[in-house]
Amino acid sequence: MQHTVSAAVTHMQGQQLANVAYGAAGVWKSVGVWKSVNIRKFLGEMFAAISKEAKWRLDEFNAQDLANTAWAFAMVNLPDEKLVRGLARAAKRRGSEVDAE
């Protein structure tokens, strides 16, 4: 299953990655994935694939995408220091855009 998730994620653009992460985090939070090993494993693999791809596509993310991605990873408690640093650098570069929103 991991190969399928990784393959699908590589075809996504920045906004799509952010939207999928945000939606999956909502499912993670509301459904209580800790109750299902299979769902937890699938979502964990999906977040790992999103993280890997997002690091290469941060220049495609707008301010909302950056915020949604940061929220999603925080919500599922899957810290990725390199991704967080990349999100922070991208947000800093977009300072005026972030302030406007």
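## Arg 57 and its partners

The backbone oxygen of Met 12 lies 3.3 Å from a polar atom of the Arg 57 side chain, and the same side chain reaches the backbone oxygen of Thr 10 at 3.5 Å. Polar contacts here are pairs of N or O atoms within 3.5 Å; within protein, one atom must be able to donate a hydrogen and the other to accept it, and residues adjacent in sequence count only if both atoms are side-chain atoms. Apart from neighbours within four places in sequence, Arg 57 is in contact (heavy atoms within 4.5 Å) with Thr 10, Met 12, Gln 13 and Leu 17.

This is a predicted model, in which local features need pLDDT of at least 70 and side-chain atom pairs pLDDT 80 or more, while totals for chains, interfaces and linings use all residues. Residues are numbered from 1 along each chain as its sequence is written, and side-chain values use heavy atoms, without hydrogens or water.

## Helix α3

Arg 57 lies in helix α3, which covers residues 37-57. Helices are DSSP runs of H or I with at least four residues, strands runs of E with at least two, numbered from the N terminus. At 1.5 Å a residue, taken times one less than the number of residues, the 21 residues should span 30 Å, and the end C-alpha atoms are indeed 30 Å apart. Buried residues (under 20% relative accessible area, 1.4 Å probe, protein chains only) in α3 include Leu 43, Met 46, Phe 47, Ile 50 and Arg 57.

## The chain as a whole

The chain has six helices and zero strands. Of its 101 residues, 38% count as buried. Residues 24 or more positions apart account for 73% of the contacts with a separation of 6 or more.

How values were computed
Buried < 20%, exposed > 50% of the residue type's maximum accessible area, 1.4 Å probe, protein only.
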